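Visitor: I am new to this structure and would like to learn how to read it. Could you walk me through some of its features?

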Amino acid sequence: MPIKALQIPTPDGRADAFAAFPDHGERHPAVLMYADGFGIRPVLREMARELAGHGYYVLVPNLFYRHGAAPVIDLPEHIGEEARPALMAQVMPLIEAHTAERVLSDADAYLRFLTTRPEVGAGPVAVTGYCIGGLLAVRTAAAHPDQVAAVAAFHGPVGADGPEALAGITAQVHFGHAESDLTPEALGELNRALDAAGVRHTSEIYPGTVHGFTMSDTDAFDATGLQRHWDRLLPLLDRTLANG
């Protein structure tokens, strides 16, 4: 499965990124994948390759390109709990600097870039994200209702912008929450807000998981949770994107 390094023009410079896509010649539906706060690294390449193997062009941008090319911070091969506090101390200023205005400006650039790729077919796209990338996915879907047909977010703070922020979403939605991130009461509140906004959705707590459960290079990893993520994500894409 080819992986291609890319440079995406944005109003603030050029975002480094990579794309994974099938190596046969036809055009493919596009998926914009937002990484978690630790950014582009081998596990994200593995996940993008896995998704591309199902017939998609998967674009993964460096969220924090304004601070340098990926990897923006030095990461160990395995992110254990003992290393996490020091790494989060480096990551949080990057997340805080990535304002909603920057998120939307970048999303415009990423989606515009996808329309120029010879490997990408015409039609709607999907957006998926992990951790903070889940919130970015929600913001992107709300800002581009005519272009985004599906949005999926995993262990992400998807309700951080409040119920009114969900109202612009016309995409079909799946939210997979870590058990450590969301109480059943909070899940019910979120799902009622999605219902009130008219969003077609599934939104559930993945049993026995903690924040970051999809990421195999962390102590949070849960193999059952990751498989559940694929079992929810792939049918969503199949329903909403043509010829995936």
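Guide: We will look at a pair of helices, then at two helices one by one, and then at a single residue. Please keep in mind that this is a predicted model.

Visitor: How should I read two helices that pack together, and at what angle do the axes of H3 and H4 cross?

Guide: In general, two packed helices are described by the angle between their axes and the distance between the axes. Here helix H3 (residues 100–114) and helix H4 (residues 132–143) have axes that come within 10 Å and cross at roughly 65°. H3 is therefore roughly perpendicular to H4, since angles of 65 to 115 degrees count that way. The crossing of the two is right-handed.

Visitor: Which residues of H3 meet H4?

Guide: From H3 come Ala 100, Val 103, Leu 104, Ala 107 and Leu 111, and they meet Leu 136, Arg 139, Thr 140 and Ala 143 of H4. Sorted by class, this contact has seven nonpolar residues, one polar and one charged.

Visitor: How many residues of H4 are buried?

Guide: Buried means under 20% relative accessible area. In H4, 10 of the 12 residues are buried, and the helix is mostly covered. Among the buried ones are Ile 132, Gly 133, Gly 134 and Leu 135, and also Arg 139 and Thr 140, two residues that take part in the contact with H3. The cover over the buried residues of H4 includes helix H2 (84–97) and H3, along with strands E3 (30–34), E5 (125–130), E6 (148–154) and E7.

Visitor: What span should helix H5 have, and why?

Guide: The expected span is 1.5 Å times one less than the number of residues. H5 (residues 184–196) has 13 residues, so it should span 18 Å, and its end C-alpha atoms are indeed 18 Å apart. For H4, the reach from first C-alpha to last is 17 Å, close to the 16 Å expected.

Visitor: What covers the buried residues of H5?

Guide: The cover includes strand E7 (172–178) and strand E8 (201–206). The buried residues of H5 are Leu 187, Gly 188, Leu 190, Asn 191, Ala 193 and Leu 194. Just after this helix, Gly 198 takes a positive phi of about 75°.

Visitor: And Arg 228: where is its place?

Guide: Arg 228 sits in helix H6 (residues 223–240). Its relative accessible area is 27%, so it counts as partly exposed. Leaving aside residues up to four places away in sequence, Arg 228 touches Glu 204, Tyr 206 and Pro 207. From Thr 214 it is 14 residues away in sequence and 9.5 Å away in space, C-alpha to C-alpha.

Definitions and conventions
Residues numbered from 1 in each chain as written. Predicted model: local features only at pLDDT ≥ 70, side-chain atom pairs only at ≥ 80, totals over all residues. Heavy atoms only, no water. Axes fitted to C-alpha atoms, helices over the stretch in contact; angles between N-to-C directions. Helix = DSSP H or I, 4+ residues; strand = E, 2+ residues; numbered from the N terminus. Parallel < 35°, antiparallel > 145°, perpendicular 65-115°, else oblique. Left-handed = near helix turned anticlockwise from the far one by under 90°. Contact = heavy atoms within 4.5 Å. Nonpolar A, V, L, I, M, F, W, Y, C, P; charged D, E, K, R; others polar. Buried < 20%, exposed > 50% of the residue type's maximum accessible area, 1.4 Å probe, protein only.
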